[in-house]
Amino acid sequence: MKCIGIIGHVDPSVMRETLALVLDKLASKFPDTKIIHSEQAGSTAPLGLSLTEIAKQSDLIISIGGDGTMLLAARAIARANPSAKLIGINVGKLGFLSEHPPDEIDSLIDELADHKLVAEERLMLKAKVKSDSKENVIVKRDNLDVEREGSSSKEVTLDALNEVVIDNYGSTRMLTLEIFVDSALLGVIRADGIMVATPTGSTGYAVSAGGPIIEPSSPVMLITPIAPHSLNVRPIIVPESAIIRVRARTDGDDRSSEHQALVVADGQEQIVVNRPAEVTVSASFNRIHLLRRKERSYFDLLRSKLFWSADRRDRR
């Protein structure tokens with residue numbers, strides 16, 4: 001590898017000790033490899049180097065933080081360098097995606113150098129957002145590139161590793177949503193919103209909204225309504241080859257002043273669009289290439305992190 005990039009938690013104090021351990025270990029195992037990272041204190045990265053620039057230069061990205069940092073790193077890779085690999089070291093709370101604790105740093109980097117890590121491909125989503133009106137779509141927030149915030153265009157594209165969410169903006173009123181899978185109408189629902197999630201994202205927001213847990217290598221996407229106003233509306237799984245189209249309507253009884261919808265990718269990129277609007281979600285051509293130790297399985301993580309199958313009676 002010519003270059004290894006490190007993307008860290010937004011608070012440098014959270015990752016400083018772990019960063020030092022990673023840098024020392026990388027220096028011993030990869031002495032001829034350039035190391036760049038986003039944390040500025042003592043950084044070898046040039047000042048002002050953006051996360052997408054780090055991803056663009058790197059053959060491998062090491063994420064030091066929680067799952068949010070992993071999602072940020074994944075989106076940087078998708079935007080700048082889809083062939084880069086990604087490893088997660090957890091200094092956050094849950095650490096479901098960033099599964100390796102700091103006490104595994106030595107073993108993790110030893111196995112990286114010896115080519116013993118397990119490689120996994122994870123599905124990513126591509127979403128296109130546009131309005132039926134002549135008004136532009138506005139970038140409200142972008143954690144990867146703050147200079148994009150406030151910009152607008154006729155159509156905006158988003159990348160997501162976990163999910164794309166369509167919600168109401170500036171109002172607690174429900175949305176009327178037309179949902180199409182390929183050319184077929186799935187249904188028209190009234191709900192707080194709707195999300196399209198990957199198998200990776202099935203253990204995130206989607207599971208909180210009542211969706212199923214999906215093993216991450218499964219070639220599917222998950223459509224999960226958010227607080228639907230009907231007992232008949234349930235999550236549905238579709239093939240990853242499907243094209244999902246969601247139209248957020250403006251009904252005659254909708255008296256909200258702005259008639260706007262909010263489209264969010266991985267909780268980090270927010271797009272505001274005037275309704276009626278259309279969001280088209282499909283599997284991205286690019287995949288995220290994760291590297292992890294083979295000592296634990298995905299199901300081990302479900303039991304240890306999300307307490308799947310845990311029973312308080314077993315403690316008696």
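## Glu-120, the cores and some unusual backbone sites

The side chain of Glu-120 makes a polar contact of 2.7 Å with the side chain of Arg-292, where a polar contact is a pair of N or O atoms within 3.5 Å, one able to donate a hydrogen and the other to accept it, with residues adjacent in sequence counted only if both atoms are side-chain atoms. This is a predicted model, in which local features need pLDDT of at least 70 and side-chain atom pairs count only at pLDDT 80 or more, whereas totals for chains, interfaces and linings use all residues. Residues are numbered from 1 along each chain as its sequence is written, and side-chain values use heavy atoms, with hydrogens and water left out.

Glu-120 belongs to strand S5, residues 118-131; strands here are DSSP runs of E with at least two residues, and helices are runs of H or I with at least four, numbered from the N terminus. A polar contact of 2.9 Å also links the side chains of Glu-120 and Arg-122. Leaving aside residues up to four places away in sequence, Glu-120 touches Ile-288, His-289, Leu-290 and Arg-292, contact meaning heavy atoms within 4.5 Å.

Which residues touch the most other members of the largest nonpolar core? Of its 35 residues, they are Val-129, Ile-166, Leu-177, Ile-194, Met-221, Val-263 and Ile-271. A second, separate core of 24 residues includes Ile-54, Leu-86, Ile-288 and Leu-290. Such a core is a set of buried Ala, Val, Leu, Ile, Met, Phe, Trp, Tyr and Cys residues joined through side-chain atoms within 4.5 Å; buried means under 20% relative accessible area, exposed over 50%, and partly exposed in between, with a 1.4 Å probe and protein chains only. Among the residues that Ile-271 touches, beyond four places in sequence, are Val-129, Val-137, Leu-158 and Val-263.

Two residues other than glycine have a positive phi, as the table shows.

| Residue | Phi | Relative accessible area |
|---|---|---|
| His-115 | about 60 degrees | 73%, exposed |
| Ala-227 | near 50 degrees | 45%, partly exposed |

His-115 is found in the loop between helix H4 (105-113) and S5, while Ala-227 lies in strand S12, residues 220-228. Another backbone feature is the cis peptide bond from Arg-275 to Pro-276, with omega near 0 degrees; Pro-276 is in the loop between strand S16 (269-274) and strand S17 (277-292).

Trp-308, in the segment after helix H6 (298-305), is exposed, with a relative accessible area of 55%.
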